[in-house]
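Here are my comments on the model, set out as numbered points for reading beside the coordinates. They begin with a pocket, turn to the backbone, and then come to the interior and the chain as a whole.

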Amino acid sequence: MSIEKRLSILEAKLEELSAEADIRRLQARYMFLCDTPCPEVGQIDDVERIARIMDLYCEDAIWEGVGAYYDNQFGRAVGKDAIRTHFEKFWSPVRKPGLLLNAHYLTSEQIHVHGDEADGQWIHCQPWIFDDGTALLRSSRLNNLFRKVDGVWKVARTRTENVFVAPLTSGWANAYPAVSVLMNP
């Protein structure tokens with residue numbers, strides 16, 4: 001095999017691995033921004049949190065909950081304006097019960113790059129604690145699409161399907177922060 005052919009193969013593999021790494025960071029950033037309390041640098045409010053999440057999406061993106069459980073709970077939002085509205089309802093100051101803690105744990109990652117498009121699948125698990133004393137553990141599968149826009153990977157579709165929701169007993173977690181300071185200097 002010629003050196004030119006070898007270099008071409010190596011270049012293609014490097015592009016694929018770089019894309020996978022970028023997509024992994026993009027998905028992790030999304031989950032990081034969705035955690036409550038939000039661990040982002042500085043104390044940002046939910047309006048800023050939503051704006052930063054929206055920066056991760058393509059203009060024509062889709063956010064959807066699918067399957068028997070999520071169809072009725074989350075539905076489908078098409079386009080950044082509709083997705084923003086979805087998140088505004090989720091983090092609404094009048095939401096009852098209010099969310100005190102929500103942390104996302106991703107596992108079982110699969111990322112497949114196809115040029116400037118890619119798909120990725122994960123299973124995620126997240127505990128929720130609400131201000132009315134209720135708590136639950138939720139798990140779902142993610143089947144997301146990504147697209148390179150002006151050289152930057154963006155989320156083209158977030159698609160989630162429930163695996164299970166399990167109520168947790170009151171007080172199962174008795175020490176958790178009201179505000180995250182992890183990323184502060």
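1. The model is a predicted one, and I would begin with its second largest pocket, which holds about 230 Å³ of space. The lining of this pocket is made up of 15 residues, and those nearest its centre are Pro37, Cys38, Arg49, Ala178 and Val179. Sorted by class, the lining of the second largest pocket comprises eight nonpolar, four polar and three charged residues.

2. Pro37, one of the residues nearest the centre of that pocket, also deserves a look for its backbone, since the peptide bond that joins Thr36 to Pro37 is cis, with omega near -5°. Pro37 sits in the loop between H1 and helix H2 (46-54).

3. A second cis peptide bond runs from Lys96 to Pro97, and here too omega is near -5°. Pro97 belongs to the loop between H4 and strand E3 (99-102).

4. Which backbone angle of Ser108 calls for a comment, given that Ser108 is not a glycine? Its phi is positive, at about 55°, and the residue is found within strand E4, which covers residues 105-114. Ser108 has a relative accessible area of 42%, and it is therefore classed as partly exposed, a label that applies between 20% and 50%.

5. Asp150 is likewise not a glycine and has a positive phi, of about 50°, but its setting is a loop, the one between E6 and E7. Is Asp150 buried or exposed? With a relative accessible area of 77%, Asp150 counts as exposed, because the cut-off for that class is over 50%.

6. Turning to the interior, a search of the whole structure finds one cavity of 30 Å³ or more. Its lining consists of 20 residues, and the ones closest to the centre of this largest cavity are Tyr30, Trp63, His104, His124 and Gln126. The volume of the largest cavity is about 230 Å³.

7. Which elements supply at least two residues each to the lining of the largest cavity? They are helix H1 (3-34) and helix H4 (80-90), together with strand E5 (117-130), strand E6 (135-149) and strand E7 (152-168). By class, the lining of the largest cavity contains eleven nonpolar residues, eight polar residues and one charged residue.

8. As for the overall architecture, the protein chain has four helices and seven strands, and their order along the sequence is α-α-β-α-β-α-β-β-β-β-β. Taken along the principal axes, the C-alpha atoms of the protein chain fill a box of roughly 65 × 45 × 30 Å.

9. My last point concerns packing and surface. Of the 185 residues in the protein chain, 39% are buried. Among contacts with a separation of 6 or more, 58% are between residues 24 or more positions apart in the protein chain. The protein chain exposes about 10,500 Å², and carbon and sulfur atoms supply 56% of that area.

How values were computed:
Residues are numbered from 1 along each chain as its sequence is written. This is a predicted model: local features need pLDDT of at least 70, side-chain atom pairs count only at pLDDT 80 or more; totals for chains, interfaces and linings use all residues. Side-chain values use heavy atoms; hydrogens and water are left out. On a 1 Å grid over the protein atoms alone, a cavity is a set of points where a 1.4 Å probe fits but cannot get out, and a pocket is an open set with protein on both sides within 12 Å along at least five of seven lines; lining residues have an atom within 4 Å of a point. Grid points are joined across faces, edges and corners, and a volume is the space filled by probe spheres set on the points. Ala, Val, Leu, Ile, Met, Phe, Trp, Tyr, Cys and Pro count as nonpolar, Asp, Glu, Lys and Arg as charged, and the others, Gly among them, as polar. Buried means under 20% relative accessible area, exposed over 50%, partly exposed in between (1.4 Å probe, protein chains only). Contact means heavy atoms within 4.5 Å. Accessible areas come from the Shrake-Rupley method with a 1.4 Å probe; for residues, only the protein chains shown count as cover.
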